[in-house]
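These are notes for a first reading of the entry below. They take up single side chains and then turn to how the chains meet.

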Amino acid sequence: METLAVKNKKIARKFWEAIWEERNLDRAANFISDQIVYHSPKIEVHGKEKYIALVKGYMNVFDDTQISIEDQIAENDHVFSKILFSGVHSGDFGEIPPTHKRIRFQLMNLLQFIDGKIINEWVVYDELGFMQQLGMELVQKEHAH
Amino acid sequence: METQAEKNKLLVKKAYEGIWIKRDIDQFASLIAEDITYQLPGIVIQGKANYLEAIRNYWNTFEEAQMTIEHQMATEDKVYTRFTFRGKQTGPFRDVPATRKIIRFEGMDLIQITDGKITKEWEIFDELGLMQQLGLELVHKEHAH
């Protein structure tokens with residue numbers, strides 16, 4: 001019999017394929033609980049509607065996206081994944097206009113499931129490396145402008 | 001009986017404790033393999049001697065450090081950890097001289113263990129968030145001087 005951990009790993013994979021390969025948000029939405037909470041170092045997003053709006057925002061930034069799951073560990077209701085994200089920067093990202101460059105960055109992700117749906121997501125990603133690929137750089141505050 | 005996964009979790013806890021609580025390089029060194037590889041986005045550190053030097057540099061950068069394990073899962077040969085790090089920046093970090101600021105950042109870590117020793121470590125932490133706490137900001141390259 002398939003364990004819960006194995007089932008959840010498969011759902012995680014399907015979920016990301018739906019978003020980043022099929023670009024089918026309706027399909028992805030099936031895997032999200034109404035009470036989902038998304039936690040990144042900078043933001044916390046509560047509820048399915050806001051979560052989907054966030055994902056849609058990222059989808060508008062990138063074309064031709066691929067997710068490669070390099071490693072995965074699951075235990076009961078949690079799935080950890082080490083991921084390489086790749087996409088062409090084809091839409092505005094905040095104040096940064098499209099560079100049409102292929103961007104690659106690493107991320108680590110933890111999903112928690114309840115009844116086959118994602119209830120919590122924690123993400124850390126190489127935000128600095130990502131922003132540098134978009135042409136940004138870090139400077140001391142007093143030296144800027 | 002303790003499973004291999006549980007043993008691996010304990011080993012990682014002991015490693016963090018060796019680094020951040022006891023600051024005992026010998027205890028820590030006994031847990032890592034000669035050919036260890038430590039990977040952060042954009043950085044690869046190879047071999048025990050280089051790895052230990054990286055740890056000593058972290059010690060020189062942060063005092064009053066606290067490494068909190070928020071969540072952990074393990075398999076036969078891998079341990080994933082989500083953590084929060086707190087410390088006071090009392091030494092240089094990258095190009096930033098000591099600010100004496102208390103900083104806090106989140107990260108995730110994946111460690112591979114072979115024959116009771118750490119052979120590989122992949123880590124992503126909120127480096128951008130840390131640099132912002134140290135007084136840096138992101139600007140467009142053409143705007144910076």
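1. Glu70(A) is partly exposed, with a relative accessible area of 41%. This value, like the others here, comes from a predicted model. The side chain of Glu70(A) forms a salt bridge with that of Lys82(A), at 2.8 Å from N to O. Glu70(A) belongs to strand S3 (residues 62-75) of chain A and Lys82(A) to strand S4 (residues 78-89) of chain A, so the bridge ties together parts 12 residues apart in sequence. Lys82(A) has a relative accessible area of 8% and is buried.

2. A salt bridge in chain B can be read in a similar way. Lys48(B) and Glu34(B) meet through their side chains at 3.6 Å, N to O. Because Lys48(B) is in helix H3 (residues 48-61) of chain B and Glu34(B) in strand S1 (residues 32-40) of chain B, the pair ties together parts that are 14 residues apart in sequence. Lys48(B) counts as buried at 16% relative accessibility, since the cut-off for buried is under 20%. Glu34(B) counts as exposed, at 59%.

3. Over all chains, the count is 13 salt bridges. Across the interface of chain B and chain A there are 3. One salt bridge is between Glu75(A) and Lys9(B), with the closest N and O atoms 3.8 Å apart. Glu75(A) lies in strand S3 of chain A and Lys9(B) in helix H1 (residues 4-20) of chain B, so this pair joins two chains. Both are partly exposed: Glu75(A) at 27% relative accessibility, Lys9(B) at 21%.

4. Asp126(B) forms a salt bridge with Lys42(A), with 3.9 Å between the closest N and O atoms. These two residues are linked with Glu127(A) in a network of salt bridges.

5. How many residues of each chain are in contact with the other chain? The contact involves 36 residues of chain B and 35 of chain A. The area buried between the two chains is about 3,300 Å², and carbon and sulfur atoms give 67% of this area. There are also 6 residue pairs in polar contact between the chains, both residues being at pLDDT 80 or more. Among the elements that give two or more residues to the side of chain B touching chain A are strand S3 (62-74), helix H4 (127-133) and strand S7 (136-140) of chain B. That side of chain B has 16 nonpolar, 10 polar and 10 charged residues.

6. Strand pairing also links the chains. Strand S7 (residues 136-140) of chain A runs antiparallel to S7(B), and 5 bridges join the two. In this pairing, Met136(A) is opposite His140(B).

Methods. Residues numbered from 1 in each chain as written. Chains lettered and ligands numbered in written order. Predicted model: local features only at pLDDT ≥ 70, side-chain atom pairs only at ≥ 80, totals over all residues. Heavy atoms only, no water. Contact = heavy atoms within 4.5 Å. Buried area = accessible area lost by both parts, 1.4 Å probe. Salt bridge = Lys/Arg side-chain N within 4 Å of Asp/Glu carboxyl O. Polar contact = N/O pair within 3.5 Å; in protein donor to acceptor, adjacent residues only side chain to side chain. Helix = DSSP H or I, 4+ residues; strand = E, 2+ residues; numbered from the N terminus. Nonpolar A, V, L, I, M, F, W, Y, C, P; charged D, E, K, R; others polar. Pairing = 2+ DSSP bridges. Buried < 20%, exposed > 50% of the residue type's maximum accessible area, 1.4 Å probe, protein only.
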